[in-house]
Amino acid sequence: MTAKLILEGKEYDLPTLRGTENELAIDISKLRAQTGAVTYDPGYGNTGSCQSAITFIDGEAGILRYRGYPIEELAGKVPFTHVAYLLIHGELPNAEQAAAWSESLRGNSLVHEGLLNFFDHFPVTAHPMNILAGMISSMSSFYPADSTDDAHIQQNILRLIGQVKTLAAFSYKKSVGEPLIYPRNDLSYCANFLRMMFATPCGEYEVSKTMEDALDMLLVLHADHEQNCSTSTVRMVSSSEANIYASVSAGVNALWGPLHGGANQAVLEMLQRIEADSGDYKKYVEMAKDKNSGFRLMGFGHRVYKNFDPRAKLLKKAADAVLDELGVSDPLLDIAKSLEEVALNDSFFVERKLYPNVDFYSGVIYRALGIPTDMFTVLFSIGRMPGWIAHWMEMRNDPDGRIHRPRQIYTGATLRHP
Ligand code: SDX
């Protein structure tokens with residue numbers, strides 16, 4: 001099927017293509033050569049940057065699938081490390097593959113000792129996302145990272161997934177002035193992280209199964225989300241054949257923004273602000289509707305989901321279950337639920353199809369697990385790591401891949417002379 005374009009009286013036939021879920025795209029890859037015109041799509045809301053087989057989202061129906069598996073059948077049911085394998089290799093691991101994969105990840109959990117003194121040169125007030133981005137970028141100085149060498153790449157994938165949780169826990173320990181707790185090879189991915197975060201050399205630390213399972217589910221829910229801002233950043237950087245560490249570090253920086261992954265921290269701070277303001281959540285819903293207030297309901301709205309974010313639905317249920325199992329009662333969860341109820345019955349939000357997104361409830365669970373607020377987006381990065389890697393690999397293995405270089409519409413001064 002072709003699309004017909006009529007431009008300045010001339011007709012052009014543009015090819016079209018359909019994805020496996022029947023999404024229709026107009027192929028404009030030859031548009032400028034044919035017509036001299038470019039398209040204009042600030043924020044790329046209508047632009048497909050690539051063809052990808054990793055994750056499918058249907059924003060209208062609220063569907064999210066990793067390699068065809070519905071998120072509801074993975075989160076809390078399939079271990080995060082197996083989901084990481086699925087995203088990167090395309091299939092869930094069999095028992096043998098899973099054992100070898102977990103063993104390799106555990107064997108790559110130690111951070112290069114040469115990196116450790118970098119922690120001491122960040123001010124103690126440094127945001128852990130700043131530390132994480134810097135550390136991941138620096139890994140390319142400690143490990144061979146030639147992006148054309150398959151052996152290097154496979155090893156660096158294990159290092160990134162294995163070490164990101166260690167870097168995160170180490171940055172937390174440094175921020176609270178406690179000794180670093182090293183990973184152990186007899187613990188699961190999530191148990192290792194929780195122990196590195198909360199154990200001290202002064203005694204044994206028993207990882208709570210409830211906390212371990214809750215964290216595993218959270219990481220699965222954050223593992224990938226097709227061409228979101230940070231993943232598109234990873235793809236953009238990797239399109240110049242920059243190494244995997246440089247590409248992922250750029251993704252961490254993009255995720256940090258409060259409109260993206262940084263929203264989970266902003267949601268918690270918003271809920272605390274409402275709580276401190278005598279819990280008057282209706283006042284904040286009104287503020288969010290007033291363009292001049294400069295206030296947004298953080299954790300609400302999404303570029304793609306114009307229905308419930310399926311992750312938010314799962315997280316809302318999990319928040320109740322986890323806090324109940326941990327015997328935690330958090331007034332912020334009640335405020336969040338009240339905000340959601342008021343917003344979803346308010347025409348401003350309904351007309352704009354603004355629903356809770358993945359960041360709206362996740363912070364309440366992180367808080368119940370004892371994770372400090374400024375570490376929430378770091379946890380998002382740990383979850384998103386396999387997704388970033390899967391897209392980096394897909395870009396690298398694309399025979400038609402080329403450097404990303406968008407065009408523009410120039411609006412500056414025309415020719416003039418000094
Ligand atoms: C993530 O892309 C992904 O997949 C991201 C992510 C992933 O897994 O990678 O899902 C993770 O980043 C989730 C989003 C987290 N961000 C937030 O919760 C921040 C709050 N949300 C918004 O800033 C906003 O909704 C965005 C950034 C998420 C989406 O921005 P868009 O698509 O550019 O929407 P927009 O700003 O054009 O808003 C459309 C309208 C505007 O009003 P009008 O101009 O039409 O009158 O809705 C309004 C906006 O003012 N609006 C909001 C709002 N979000 C949008 N008004 C109040 N509160 C909000 N949260």
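**Exercise 1.** In what order do the three strands of the open sheet run, and is the pairing parallel or antiparallel?

*Solution.* Keep in mind that we're working with a predicted model.
- Step one: read off the order, which is β1-β2-β3, with antiparallel pairing.
- Step two: look for strands that pair on one side only; these are the edge strands, β1 (2-7) and β3 (24-26).
- Step three: check the twist, which averages 35° from one strand to the next.

**Exercise 2.** Take β1 and β2, then work out how many bridges link them and which residue of β2 is the bridge partner of A3.

*Solution.*
- Step one: find β2 at residues 10-18 and follow its antiparallel pairing with β1, which runs over six bridges.
- Step two: go to A3 and look across to β2, where L14 is its bridge partner.

**Exercise 3.** Now turn to the ligand: describe the residues that surround it and pick out some polar contacts.

*Solution.*
- Step one: list the shell. It has 24 residues, and the closest are H225, R296, H302, R303 and R311.
- Step two: sort the shell by class, giving 10 nonpolar, seven polar and seven charged residues.
- Step three: look for N or O pairs within 3.5 Å. On the backbone side, an N or O atom of L259 sits 2.8 Å from a ligand nitrogen, and a backbone N or O atom of L297 is also 2.8 Å from a nitrogen atom of the ligand. For a side-chain case, try R303: an N or O atom there lies 2.7 Å from a ligand oxygen.
- Step four: ask how much of the ligand is covered. Taken alone, the ligand exposes 1100 Å², and the protein buries 78% of that.

How values were computed: Residues numbered from 1 in each chain as written. Predicted model: local features only at pLDDT ≥ 70, side-chain atom pairs only at ≥ 80, totals over all residues. Heavy atoms only, no water. Near = heavy atom within 4 Å. Polar contact = N/O pair within 3.5 Å; in protein donor to acceptor, adjacent residues only side chain to side chain. Areas by Shrake-Rupley, 256 points an atom, 1.4 Å probe, with all protein chains shown as cover. Nonpolar A, V, L, I, M, F, W, Y, C, P; charged D, E, K, R; others polar. Pairing = 2+ DSSP bridges. Helix = DSSP H or I, 4+ residues; strand = E, 2+ residues; numbered from the N terminus. Axes fitted to C-alpha atoms, helices over the stretch in contact; angles between N-to-C directions.
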